[in-house]
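Hi everyone, thanks for making room for me today. I'd like to walk you through one structure, going from a few single residues out to the way the helices pack. Please have it open in front of you.

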Amino acid sequence: MKQDLKTRTLIFIKITIGAVIFSFGFRFFIYQHGMLSGGTSGLAMIVNQLTSLPIGMVTMALNIPMFAVAWRKLGLDFMINSTFAMVVSSALVDVFGVISFHPTDDVLLAALYGGVLRGLGLGIMYSTGVATGGGDVMV
């Protein structure tokens with residue numbers, strides 16, 4: 001499905017807003033309190049703990065093969081939008097990593113806020129019809 005410039009721009013803006021919210025919740029609530037995530041980001045967190053490689057870069061590296069396999073099946077527009085979503089959200093996780101911000105010391109509140117923000121961010125991105133990587137691309 002071809003999209004005009006205005007539609008594509010609105011999609012990218014919506015994806016960016018969702019990525020900011022998701023990455024904020026991930027970095028400042030989930031990761032900061034040592035909670036593991038599932039899927040590709042969870043694997044990236046484990047690699048980060050073992051090697052100190054940035055989580056966002058590891059997430060992107062783990063997603064490259066999945067995106068390559070899914071490209072033919074899902075089409076160019078889907079892959080462009082989804083690659084944008086994956087790259088922006090992964091990069092923001094690393095960018096937020098250089099900011100010293102500790103919103104709460106309470107692990108329960110961190111789990112609650114992190115879950116809500118990650119869910120809201122992903123929901124905004126998914127509403128544009130994209131996948132952010134991992135198993136979402138393979139389905």
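Let's start with Ser90, which touches Gly56, Thr59 and Met60, leaving out residues up to four places away in sequence. Before I go on, please keep in mind that this is a predicted model. Ser90 sits in helix H4, and at 5% relative accessibility Ser90 counts as buried, because the cut-off for buried is under 20%. If you follow the chain from Ser90 to Thr104, you cover 14 residues, and the two C-alpha atoms are separated by 23 Å.

Now look at Ser89, which is also placed in helix H4. Is Ser89 buried or exposed? Ser89 has a relative accessible area of 6%, so this serine is buried. Setting aside its neighbours within four places in sequence, Ser89 is in contact with Ala19, Phe22 and Ser23.

Let's pick up Ala19 from that list. Not counting residues up to four places away in sequence, Ala19 touches Val88, Ser89, Leu92 and Met125. That brings us to the largest nonpolar core, which has 16 residues. Which members of this core touch the most other members? They are Ile15, Ala19, Ala85, Leu92, Met125 and Val130. As for where the core comes from, helix H1 (5–30), helix H4 (76–96) and helix H5 (107–126) each supply at least two of its residues. The biggest contributor is H1, with 7 residues.

Staying with H1 and H4, let's turn to charge. Side chains of opposite charge can pair when their charged atoms come close. How many salt bridges are counted in this model? The count comes to 1. The partners are Arg8 and Asp77, and their closest N and O atoms are 2.8 Å apart. Arg8 belongs to helix H1 and Asp77 to helix H4, so the pair ties together parts that are 69 residues apart in sequence. If you go looking for this pair on screen, note that Arg8 and Asp77 are both buried.

Next up is helix H2, which covers residues 39–51. H2 has 13 residues and reaches 18 Å from its first C-alpha to its last, close to the 18 Å expected at 1.5 Å a residue. Which residues of H2 are buried? They are Thr40, Ser41, Gly42, Ala44, Met45 and Asn48. Those buried residues pack against H1, helix H3 (55–74) and H5.

H2 also has something to show on the surface. Leu36, Leu43, Ile46, Leu50 and Leu62 form a nonpolar patch there, and together they have about 500 Å² of accessible area. H2 supplies the largest share of this patch, with 3 residues. Leu43, for one, lies in helix H2.

Just past H2 comes Ser52, in the loop between H2 and H3. Here's a backbone point for you. Most residues other than glycine have a negative phi. The phi of Ser52, though, is positive, near 70 degrees, and this residue is not a glycine. Ser52 is also exposed, since its relative accessible area is 64% and the cut-off for exposed is over 50%.

Two more stops. Leu74 is found in helix H3. With 29% relative accessibility, Leu74 counts as partly exposed, because that value falls between the 20% and 50% cut-offs. Which residues does Leu74 touch, not counting residues up to four places away in sequence? Met79 and Val137 are the two. Leu74 and Gly18 are 56 residues apart in sequence, and their C-alpha atoms are 22 Å apart in space.

My last residue is His102, in the loop between H4 and H5. His102 has a relative accessible area of 56%, so this histidine is exposed. Now try setting His102 beside His33: the two are 69 residues apart in sequence, with 9.8 Å in space from C-alpha to C-alpha.

To wrap up, here are the views I'd keep in mind. There is the 16-residue core, to which H1 gives the most. There is the salt bridge between Arg8 and Asp77. And there is H2, with buried residues packing against H1, H3 and H5, and with the largest share of the nonpolar patch. Thanks for listening, everyone!

Key:
Residues are numbered from 1 along each chain as its sequence is written. This is a predicted model: local features need pLDDT of at least 70, side-chain atom pairs count only at pLDDT 80 or more; totals for chains, interfaces and linings use all residues. Side-chain values use heavy atoms; hydrogens and water are left out. A nonpolar core is a set of buried Ala, Val, Leu, Ile, Met, Phe, Trp, Tyr and Cys residues joined through side-chain atoms within 4.5 Å. Buried means under 20% relative accessible area, exposed over 50%, partly exposed in between (1.4 Å probe, protein chains only). Helices (H or I, at least four residues) and strands (E, at least two) are DSSP runs, numbered from the N terminus. Contact means heavy atoms within 4.5 Å. The expected span of a helix is 1.5 Å times one less than its number of residues. Patches are made of residues with over 30% relative accessible area and no salt bridge: like charges are joined within 9 Å, nonpolar side chains (Val, Leu, Ile, Met, Phe, Trp, Tyr) within 5 Å. Accessible areas come from the Shrake-Rupley method with a 1.4 Å probe; for residues, only the protein chains shown count as cover. A salt bridge is a side-chain nitrogen of Lys or Arg within 4 Å of a carboxyl oxygen of Asp or Glu.
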